[in-house]
Amino acid sequence: MNEDKIPAQLKLACALNKLLLINKKKHLKNKKEGINDLSLDHSYDKISSRTGLRLATISDVFSGKSDVKISTIELLLDSMGFTYTKLGTIMDKISNEEATEYINSKKGKA
């Protein structure tokens, strides 16, 4: 892959993963405090249940394998409780190197 220009879908995948990690951390904190927040989507399964998207679709988006429609991005953001502004802020901070490392780490798990 050309390191000078990382496709937007790879940066998107990395950014969505960061948002999911925020929710996972919040879920673990809530669990320790005895809080069961049913509106907090912190896993592919939860996102799939709320959005109606197939698990394979969600996995492909989060691993950078899929160039997604804006409507799918909106479903994912709504499910996780984030805005386009938050997504954009995170994407702007992701370097090409970080996106490449993230995608390579996902390939190792496949």
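User: How many aromatic pairs does the structure hold, and what makes two rings a pair?

Analyst: The structure, a predicted model, holds one aromatic pair. Rings of Phe, Tyr and Trp (its six-membered ring) pair if their centres lie within 6.5 Å. The ring centres of Tyr44 and Phe62 are 5.1 Å apart.

User: Why is the pair of Tyr44 and Phe62 called tilted?

Analyst: Planes under 30 degrees apart count as stacked, over 60 as edge-to-face and the rest as tilted. The planes of Tyr44 and Phe62 stand at 50°, so the pair is tilted. Tyr44 belongs to helix α2 (residues 44–51) and Phe62 to helix α3 (residues 55–62), so the pair ties together parts 18 residues apart in sequence.

User: Which of Tyr44 and Phe62 is buried, and how do you know that?

Analyst: Buried means under 20% relative accessible area, exposed over 50%, partly exposed in between (1.4 Å probe, protein chains only). Phe62 has 0% and is therefore buried. Tyr44 has 22%, so Tyr44 is partly exposed.

User: Why are α1 and α4 called roughly parallel?

Analyst: Angles under 35 degrees count as roughly parallel, over 145 as roughly antiparallel, 65 to 115 as roughly perpendicular and the rest as oblique. Helix α1 (residues 8–32) and helix α4 (residues 70–80) pack at about 15°, so they are roughly parallel. Their axes are 10 Å apart.

User: What should be kept in mind about these values?

Analyst: Local features need pLDDT of at least 70 and side-chain atom pairs pLDDT 80 or more, while totals for chains, interfaces and linings use all residues. Residues are numbered from 1 along each chain, and side-chain values use heavy atoms, without hydrogens and water.

Note on methods
Axes fitted to C-alpha atoms, helices over the stretch in contact; angles between N-to-C directions. Helix = DSSP H or I, 4+ residues; strand = E, 2+ residues; numbered from the N terminus.
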